[in-house]
Amino acid sequence: MSSPPYTAAQLETDPDRMTVARVLAGEVDAFELIVRRWQAPLINMAWRYCRDRHRAEELAQEAFVRAWRGLASWRQEAAFSTWLFALAANLYRSELKRFPTVTVPLEEVPEPASGAQQHDGLAMEQLNESVRRAVLALPLRYREPVVLFYFHEMDVEQAARTLRMPAGTLKARLSRARELLRRRFPQLGRLQPALVPEAVHNPLEAQ
Amino acid sequence: MTRPAEPHPQPADQALDQMLGVEAALVPTSGFLAAVMDRVREEAAAPAPIAFPWKRILPGVVGAAGILIWASLHGLPLLVAAVRESLRAPNAGVAQIHLSSSASALGLAAGVALLSWMIVARILRRA
């Protein structure tokens, strides 16, 4: 592997850049720092693609191995995380096309509890789960923008970079995906935002 | 960094944002890091992949390409001329001679091309 061009200042300010430089210089064990730093985000990203913990770890492991193989191809103009997430998204997409995760069609996603029960916390949890399952049942072109938009904490630009598509295209697909979900779950429009239960914490906090 | 996707999101979209925006975080299992590093070290220790044997294959490829070019330059015009001749003068005897000579030239070319291909395939299998 040949060393990419970088300045001393860049190496000091960007820990990933420094680690990659060490790995490319032949220090294999330095790659552990990269895995340590990015394992939680990559596993959580894979989880959002397949909702299967075991498979999420398998996919993330494969993503790291691919990253190791292709480390020299990281053009240093973009952040390391952008490159890594794009590589992982590409891999997750192709792997899930080869071996699709078991999903039901959107119209067959089970109905959550009735409207009368909406104030019940359990019913809300059910609706929550149904909506998440419905995301997996969306066609891939709409599913992926949804998955990555929420993975990137609703940052359109970052999600678009990960998908390597213009932000406008991502917004359009996101809008269409939301429309499909609204149509499937009309009760979403009647919910008070405060009633929606908060999840435990954000995946990215696990870094 | 969290911000709404649209300036005035609908209530349904706000509900979706709340439902999908936050998720319980998965913590990597204890063996994950070690498993990844084992695979990486394995890859690092593996010998470099064997280079494609271009040098051994090149003569065969060049030969096959040459025969194909020769066939298309000489065989096809012969065939076209013979067909044209047979249409112009329905003298079956003359046309037959042209056609049979063209056909045999083409057959020879195809045979040699096939032979070259078989040689290349065999070299590839050995490599």
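These exercises concern the fold, core and one helix of a predicted model. Local features need pLDDT of at least 70 and side-chain atom pairs count only at pLDDT 80 or more, while totals for chains, interfaces and linings use all residues. Residues are numbered from 1 along each chain as its sequence is written, and chains are lettered from A and ligands numbered from 1 in the order in which they are written.

**Exercise 1.** State how many helices and strands chain A has.

Solution. Step one: take helices (H or I, at least four residues) and strands (E, at least two) as DSSP runs, numbered from the N terminus. Step two: count them, which gives nine helices and zero strands in chain A.

**Exercise 2.** Find which helix gives the most to the largest nonpolar core.

Solution. Step one: a nonpolar core is a set of buried Ala, Val, Leu, Ile, Met, Phe, Trp, Tyr and Cys residues joined through C-beta atoms within 7 Å. A residue is buried if 20 or more other C-beta atoms, placed from the backbone, lie within 10 Å of its own. Step two: the largest core has 60 residues, and A:Ala63 is among those with the most contacts inside it. Step three: helix H3 (residues 31-50) of chain A gives the most, with twelve residues.

**Exercise 3.** Determine how many residues of H7(A) are buried.

Solution. Step one: helix H7 of chain A covers residues 140-151, twelve residues. Step two: ten of the twelve are buried, so the helix is mostly covered. Step three: the buried residues include A:Arg143, A:Glu144 and A:Phe149. Just after H7(A), A:Glu153 takes a positive phi of about 55°.

Conventions. The expected span of a helix is 1.5 Å times one less than its number of residues.
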